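User: I am new to this structure. Please walk me through it in short steps.

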Amino acid sequence: MLRFAALAFSLLFGLLALSWAGAAPRDANFDSASAPAVAVAAPLSAPGVLRVWGEDASGQLGNGSPLMRKELPVAQGSLTNVIQVDAGTSHSVALLSDSSVVTWGDDDYGQLGDGFPLADQASPVMVEGLGPVKAISAGAYFTLALLKNGEVRAWGTDGEGQLGNGAPAGNRAAPVAVDGLSDAVAISAGMEHAMALLSDGTVVAWGRNYEGQIGNGEFSFDGVPAPVEVQGLSGVSAVSAAGYHSLALMDDGSLMSWGSDGTGQLGNGPSSSADQPLPGPVSGLSGVTAIDSGLQFSLALLSDGDVWAWGYDSNGQLGDGQNATVQPAPVQVSGLSDVRGIAAGSRASYAIAADSTVMAWGSDFYAQLGNGPGDGSSTTPIPVLSLTGVSGLGPGLGHAMAIRPLCQGRPATYAGGPGDDSFAGTAANDVAHLGAGDDGFLDYEDGDDLVCGGS
């Protein structure tokens with residue numbers, strides 16, 4: 001997600017996209033069509049359209065009409081082959097089925113990656129010069145792309161070295177190479193730091209290290225401008241860079257955390273609230289299959305489909321109904337079972353249920369819960385309204401996005417649509433105006449149905 005450049009804005013940060021149940025191992029095939037994830041090495045979604053809701057002051061909903069906050073999910077409109085989506089503070093990024101990347105929203109720091117001049121975009125623009133991409137991740141004001149050859153590219157703000165290119169701090173409006181990476185299998189962008197999981201199960205990190213979130217045993221007021229190894233970690237299957245802390249999911253289903261612990265976000269119990277520059281265990285959890293983290297809290301999905309949370313709970317983002325200020329050890333999110341995926345925004349949390357609907361809890365200040373008019377913040381999960389068939393999520397600071405695969409990846413034709421050509425994941429049939437029809441189909445702009453077929 002997007003990273004705030006100044007500490008004064010840090011409480012507004014929203015981060016990271018969907019973490020999927022049964023996260024794939026380190027050598028996961030990122031080209032498979034199953035379910036998306038940004039912060040972990042999980043399969044991607046079948047190509048689909050986006051539903052978007054929440055804040056749109058910078059055009060981050062991508063539907064061409066900025067300054068129009070949406071209290072319920074609406075069609076993004078122009079993209080039809082999205083396989084992964086993520087959001088920063090006020091910008092959005094999508095990976096398409098042709099391995100290209102598009103961005104939209106706030107561009108004050110070059111985080112859209114479309115070059116100069118810097119300008120907010122209310123509709124998607126192409127990021128050039130990347131090569132084939134297999135995963136994306138949005139930090140506060142910067143963006144990462146993992147290439148299919150294992151290299152990583154970065155663009156946007158670099159005040160703490162979060163672009164990882166070893167150069168003096170400075171904004172970059174086009175992608176630059178992260179130093180020394182050729183075998184990365186997963187990436188995660190946090191507030192002002194980033195991590196990469198390598199093919200051998202070790203982890204490297206770079207960027208801000210005031211709170212020890214780099215995990216190299218040190219605290220430093222100068223950012224770490226190139227990747228360094230996180231000490232004491234091997235056998236890692238997934239990573240999540242948070243606001244000012246970091247998480248790693250181990251092959252055995254346990255969790256490690258490090259960095260800031262001022263609000264219990266390390267999950268190591270009430271005996272310590274001190275920042276930790278080295279990884280240590282999260283208390284009381286086993287059988288974890290997916291992780292994600294918000295500004296000052298964390299989420300874990302277990303193999304039994306339950307969700308647990310810990311850290312800051314100012315807006316009910318832990319979902320246990322308590323609205324406690326701090327939970328320094330994991331607590332179970334109320335009323336959820338058989339969950340398939342999780343995602344954390346700044347102060348809101350999301351889960352994909354077994355029926356592919358979405359539950360949300362926490363802050364609704366920007367209408368990011370998608371439950372209609374009013375500030376309906378919730379301390380327990382509530383349904384995101386008018387949203388079904390979801391395979392992936394990308395929440396940001398005040399907005400959120402969901403992928404709805406067209407026909408769940410099956411062949412599709414338009415009943416009465418122009419040409420009745422088979423859908424090929426392109427705009428060949430002018431599918432830019434697909435929307436949810438009353439009959440349960442996706443409707444073409446003139447009312448004709450998109451008909452699913454095949455197996």
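User: Let us start with a hairpin. In the hairpin of β5 and β6, which residue takes a positive phi?

Analyst: This is a predicted model. The hairpin of β5 and β6 has four residues between its strands. One residue there takes a positive phi, near 75°. That residue is S99.

User: How many bridges join β5 and β6?

Analyst: β6 covers residues 101–105 and pairs with β5 in the antiparallel sense. Within this pair, A94 stands opposite V102 of β6. The number of bridges is five.

User: Which strand forms a hairpin with β5 with three residues between them?

Analyst: Strand β4 spans residues 82–87 and pairs with β5 in the antiparallel sense, over five bridges. D86 stands opposite V93 in β5. Three residues lie between the two strands of this hairpin. The partner is β4.

User: Are the faces of β5 covered or uncovered?

Analyst: In a regular strand, side chains alternate between the two faces of the sheet. On one side of β5 sit H91, V93 and L95, and they are buried. On the other side S92, A94 and L96 are buried as well. Six of the six residues in β5 (91–96) are buried, and both of its faces are covered.

User: What does the protein hold in terms of helices and strands?

Analyst: Strands β4, β5 and β6 have come up already, through the pairing of β4 with β5 and of β5 with β6. For the protein, the counts are zero helices and 33 strands.

User: What share of the residues is buried?

Analyst: Buried means under 20% relative accessible area. The protein has 455 residues. It exposes about 14500 Å², with carbon and sulfur atoms supplying 51% of that area. The buried share of residues is 62%.

User: Why is one side of β8 and of β11 left without a neighbour in the sheet?

Analyst: Four strands form an open sheet in the order β8-β9-β10-β11, with antiparallel pairing. β8 (133–138) and β11 (172–177) stand at its edges, so one side of each has no neighbour in the sheet. Neighbouring strands here are turned by 20° against each other on average, direction ignored. The reason for the free sides is that each edge strand has a single partner strand.

User: Which residue of β9 stands opposite A138?

Analyst: β9 runs over residues 142–147. It pairs with β8 in the antiparallel sense, over five bridges. Opposite A138 stands T143.

User: Which are the edge strands of the open sheet β12-β13-β14-β15?

Analyst: This open sheet has four strands, paired antiparallel. An edge strand here pairs on one side only. The edge strands are β12 (184–189) and β15 (220–229).

User: By how many degrees are neighbouring strands of that sheet turned against each other on average?

Analyst: One pair in the sheet is β14 (203–209) with β15, antiparallel over four bridges. There, S220 in β15 is the bridge partner of N209. With direction ignored, the average turn between neighbouring strands of this sheet is 15°.

User: Which residues of the largest nonpolar core touch the most other members?

Analyst: The largest nonpolar core has 18 residues. β9, β10 (152–156), β12, β13 (193–198) and β14 each supply at least two of them. L144 has contacts that include V152, I187, A194 and W206. Those touching the most other members are L144, V152, L181, A196 and W206.

User: How many residues are in another core, apart from that one?

Analyst: This other core lies apart from the largest one. Among its members are I214, V224, V239 and A248. Its residue count is 17.

Terms used
Residues are numbered from 1 along each chain as its sequence is written. This is a predicted model: local features need pLDDT of at least 70, side-chain atom pairs count only at pLDDT 80 or more; totals for chains, interfaces and linings use all residues. Side-chain values use heavy atoms; hydrogens and water are left out. Buried means under 20% relative accessible area, exposed over 50%, partly exposed in between (1.4 Å probe, protein chains only). Accessible areas come from the Shrake-Rupley method with a 1.4 Å probe; for residues, only the protein chains shown count as cover. Two strands pair if DSSP finds at least two bridges between them. Axes are lines fitted to C-alpha atoms, for helices over the stretch in contact, and angles run from 0 to 180 degrees between N-to-C directions. A nonpolar core is a set of buried Ala, Val, Leu, Ile, Met, Phe, Trp, Tyr and Cys residues joined through side-chain atoms within 4.5 Å. Contact means heavy atoms within 4.5 Å. Lists of a residue's contacts leave out its neighbours within four places in sequence.
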